[in-house]
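Okay, everyone, thanks for making the time. Let me put the model up and talk you through it.

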Amino acid sequence: MPSTSKDRSPRYKRILLKLSGEALAGEEGFGIDPAVLDSMSLEIGQLVGIGVQVGLVIGGGNLFRGAALQAAGLDRVAGDHMGMLATVMNGLALRDALERSNIRTRLMSAIPMSGVVEHYDHRHAIRYLKNGEVVIFCAGTGNPFFTTDSAACLRGIEINADVVLKATKVDGVYDSDPVKNPAAIKYDRLTYDDVLASKLGVMDLTAICLCQDHNMPLRVFNMNKKGALLKLMLGGSEGTLVEAGRIEPD
Ligand SMILES: Nc1ncnc2c1ncn2[C@@H]1O[C@H](COP(=O)(O)OP(=O)(O)OP(=O)(O)O)[C@@H](O)[C@H]1O
Ligand SMILES: O=c1ccn([C@@H]2O[C@H](COP(=O)(O)O)[C@@H](O)[C@H]2O)c(=O)[nH]1
């Protein structure tokens with residue numbers, strides 16, 4: 001039977017999607033691959049097309065990470081500032097790609113950068129989202145010693161998103177890192193307490209605690225699977241859902 005517009009009504013009204021900076025690098029492992037930007041824009045455009053309000057947080061791991069710079073001898077705070085500025089560069093590139101695809105987009109930075117990006121203000125952000133514009137939140141939380149995962153959960157809570165979606169290169173949360181352990185077992189659902197107690201490393205624990213404190217559901221899924229994001233919006237199951245409450249075995 002052909003699908004009707006009713007079939008395509010989204011399961012979430014407003015989402016916060018965290019995009020990995022590392023994913024932007026594509027095959028190169030460093031920098032920004034325009035082909036990856038275009039494919040991300042296509043997927044995001046599909047969500048806007050079915051009426052989902054989309055807030056984005058972009059990581060910086062394709063350019064700089066404070067902890068790696070510190071290991072190379074740099075001061076940690078300077079390294080973290082470089083990492084946050086890296087997310088601004090990624091944000092500028094992503095906005096450009098989205099706008100080339102005719103998706104109206106705002107870029108808001110936690111660090112004021114007059115003339116380059118708009119300074120973050122959650123009330124303005126909500127207004128833009130209601131207006132159908134995609135909003136990219138860059139520069140993380142604006143503070144060192146945090147990550148963009150924490151920034152994603154923070155912004156998700158501030159804009160009152162229905163869910164935080166972490167797009168990554170693995171299929172969800174496993175009992176150990178699936179990149180290092182090919183025999184790792186994937187979970188479909190977990191509680192915040194499960195993730196915290198077992199220190200499951202897919203996201204930093206500060207981010208998980210924030211979601212737990214504010215009862216913000218979190219889903220980790222693989223962005224390399226074409227159409228996974230749209231499938232999720234239309235009620236399909238992808239990745240791992242982390243939420244409150246006791247999960248009964250199936
Ligand atoms: N228990 C686990 N389940 C799933 N993935 C895990 C687990 N432990 C560690 N990981 C690793 O965490 C990675 C997810 O982090 P990812 O690179 O997407 O985020 P990030 O570091 O926040 O992004 P960025 O590239 O923006 O810095 C996965 O690629 C996986 O290798
Ligand atoms: O709130 C924040 C967010 C990020 N940083 C620094 O930026 C890099 C890149 O972010 P990823 O989450 O690793 O992609 C991060 O390693 C930190 O150095 C920050 O200081 N504060």
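So, Tyr174: find the loop between strand 6 and strand 7, and that's where it sits. This is a predicted model, by the way, so keep that in mind throughout. Is Tyr174 buried or exposed? It counts as buried, because there are 20 C-beta neighbours inside 10 Å, and 20 is where the buried class begins. Skip the neighbours within four places in sequence, and Tyr174 is in contact with Ala184, Ile185 and Lys186.

Why start there? Tyr174 is one of the residues under the UniProt annotation "binding site", from an unreviewed entry, along with Lys18, Leu19, Ser20, Gly21, Gly61, Arg65, Thr168 and Asp177. These residues don't all gather at one spot, because they span 160 residues in sequence and the farthest two C-alpha atoms are 23.9 Å apart.

Now take Leu19 from that list. Leu19 is in strand 1, and it's buried too, because it has 26 C-beta neighbours inside 10 Å. Beyond its sequence neighbours within four places, Leu19 is in contact with Met40, Leu56, Ile58, Gly59 and Ala167.

Okay, the sheet. Nine strands make it up, it's open, the pairing is mixed, and the order reads 4-3-5-2-1-6-8-9-7. Strand 4, at 118–119, and strand 7, at 189–191, are the edges; each has a single partner strand, so one side of each has no neighbour in the sheet. Strand 1, residues 14–19, runs parallel to strand 6, residues 163–168, with five bridges between them. Across that pairing, Lys18 faces Lys166 in strand 6. Helix 5, residues 122–130, packs on the sheet, touching strands 1, 2, 3 and 5, with its direction at about 130° to that of strand 2. Helix 2, residues 34–49, lies across strands 1, 2 and 5, at about 150° to strand 2.

On to the ligands. Around ligand 1 there are 20 residues, and the nearest are Glu22, Gly59, Gly61, Thr168 and Gly201. By class, that shell is seven nonpolar, nine polar and four charged. Helix 1 and helix 6 each supply at least two of its residues.

Ligand 2 has 22 residues around it, with Gly59, Gly66, Asp80, Gly83 and Gly140 the closest. Which helix gives the largest share of that shell? Helix 4, with six residues. The breakdown here is six nonpolar, 13 polar and three charged.

Last thing: UniProt, again in an unreviewed entry, lists residues 13–222 as "domain: Aspartate/glutamate/uridylate kinase". That span is 41% helix and 18% strand, and its end C-alpha atoms lie 21 Å apart.

Key: Residues numbered from 1 in each chain as written. Chains lettered and ligands numbered in written order. Predicted model: local features only at pLDDT ≥ 70, side-chain atom pairs only at ≥ 80, totals over all residues. Pairing = 2+ DSSP bridges. Helix = DSSP H or I, 4+ residues; strand = E, 2+ residues; numbered from the N terminus. Contact = placed C-beta atoms within 7 Å. Axes fitted to C-alpha atoms, helices over the stretch in contact; angles between N-to-C directions. Near = placed C-beta within 6 Å. Nonpolar A, V, L, I, M, F, W, Y, C, P; charged D, E, K, R; others polar. UniProt positions renumbered as here; feature names shortened; annotations may be inferred. Buried ≥ 20, exposed ≤ 12 C-beta atoms within 10 Å, placed from the backbone.
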